[in-house]
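Dear colleague,

Please find below the structure that I am handing over to you, together with its sequence. My notes on what was found in it follow directly after.

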Amino acid sequence: MNWNKHSNLEGTHATFGASQSSWLRYSDDKVITVFLNKKAAEIGTRLHAWAKETIDLGIKQSRSNKTLCAYVNDAIAFKMDTEVLLYYSKYFYGTADAISFKNNTLRIHDLKTGSSGKIEEHIEQLEIYAAFFCLEYDVNPGDIKIELRVYKSDEVLVHNPTVEDIVPIMDRIIHIDKLLAEAESEGL
């Protein structure tokens, strides 16, 4: 058999592929919703890539309250690094959209391009990034200032977590990491 070549699709997954067959039972409305969510995620990925390049090149945007402009301009103003992987273990890591640690202040900014959910719902994600940072770089969160920002729907939410916010997350990460390592070493 001479199989058709689809090299442009290698390494990708169809929205409605065989490996996730639940779509067989979706209503027409659910099919459209899933499709639109996938398209929104693709646009979000492209916007993140554009923002990273724009920040890395130092290209300021017009002064605006628009989400993307505010995010880019703030990251440039604070001289932040973009798309930085924070790693604690093979079980616990993630990529911060924009981050800096200067003058004993940790800043983490996150760009949200989707419209679902409230802006406040994303703060916990940034607290986890702060915990990853403290664990990876052996920094006591009580010894530093932390500012977390979420940029979404033309709003900027600024959150200054306390040591009481970050330490329990760090403790939970350490606990689960040990639990998983032990389970894995026992062949589970």
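**Helix α1 and its surroundings**

The buried residues of α1 pack against α2 (67-77), β1, β2 and β3. Please keep in mind throughout that this is a predicted model. The residues of α1 that are buried are Gly44, His48, Ala51, Thr54 and Ile55. Helix α1 itself covers residues 28-57, which gives 30 residues. From its first C-alpha to its last, α1 reaches 44 Å, close to the 44 Å expected at 1.5 Å a residue. Gly58 follows the helix, and its phi is positive, near 70 degrees.

**Strands and hairpins**

The strands are best read in the order of the chain. Strand β1 (residues 81-87) is joined to β2 by 6 bridges, and the two run antiparallel. One of the pairs places Leu85 with Thr95 of β2 as its bridge partner. The two strands form a hairpin with 5 residues between them.

Within β1, Glu83 deserves a look. Its phi is positive, about 50 degrees, although Glu83 is not a glycine. Is Glu83 buried, exposed or partly exposed? Its relative accessible area is 32%, and since buried means under 20% and exposed over 50%, Glu83 is partly exposed.

Strands β2 and β3 are also antiparallel, with 5 bridges joining them. Here Ala98 stands opposite His109 in β3. The hairpin of β2 and β3 has 2 residues between the strands, and Asn103 takes a positive phi near 50 degrees in it.

Further along, strand β4 (residues 145-152) pairs with strand β5 (residues 155-159) in the antiparallel sense, over 5 bridges. Tyr151 stands opposite Val156 in β5. This hairpin has 2 residues between its strands. Ser153 is found in the loop between β4 and β5, and it has a positive phi of about 50 degrees although it is not a glycine. With a relative accessibility of 45%, Ser153 counts as partly exposed.

When you view the strands, one general point may help you. In a regular strand the side chains alternate between the two faces of the sheet.

**Helix α3 and the nonpolar cores**

How many of the residues of α3 are buried? The number is 10 of its 14, and the helix is mostly covered. The buried residues are Ile123, Leu126, Glu127, Tyr129, Ala130, Ala131, Phe132, Phe133, Cys134 and Leu135. What covers them includes β1, β2, β3, β4, β5 and α4. As to its span, α3 reaches 20 Å from its first C-alpha to its last, close to the 20 Å expected at 1.5 Å a residue. Asp138 follows α3 and has a positive phi, near 50 degrees.

The largest nonpolar core has 25 residues, of which Leu106, Ile108 and Phe133 touch the most other members. At least two residues of this core come from each of β2 (93-102), β3 (105-111), α3 (123-136), β4 and α4. The most is given by α3, with 9 residues. Apart from this core lies another, of 11 residues, among them Ala51, Ala70, Met80 and Tyr151.

To see how Leu106 is surrounded, leave aside residues up to four places away in sequence. Leu106 then touches Ile99, Ser100, Phe101, Ala130, Phe133, Ile144, Lys145, Ile146 and Glu147.

**Ile169 in helix α4**

Ile169 has its place in helix α4 (residues 163-185). Its relative accessible area is 18%, and it is therefore buried, because the cut-off for buried is under 20%. Not counting residues up to four places away in sequence, Ile169 touches Glu127, Ile128 and Ala131. The C-alpha atoms of Ile169 and Phe132 are separated by 9.1 Å, while the two residues are 37 residues apart along the chain.

**Cysteines**

How many disulfides does a search of the whole structure find? The result is 0 disulfides. Two cysteines may be noted for their burial. Cys134 is buried, with a relative accessible area of 2%, and Cys69 also counts as buried, at 15% relative accessibility. Both values are under 20%, so both residues meet the cut-off for buried.

With kind regards

Terms used
Residues numbered from 1 in each chain as written. Predicted model: local features only at pLDDT ≥ 70, side-chain atom pairs only at ≥ 80, totals over all residues. Heavy atoms only, no water. Disulfide = S-S within 2.5 Å. Buried < 20%, exposed > 50% of the residue type's maximum accessible area, 1.4 Å probe, protein only. Pairing = 2+ DSSP bridges. Helix = DSSP H or I, 4+ residues; strand = E, 2+ residues; numbered from the N terminus. Contact = heavy atoms within 4.5 Å. Core = buried A, V, L, I, M, F, W, Y, C linked by side-chain atoms within 4.5 Å. Expected span 1.5 Å × (residues − 1).
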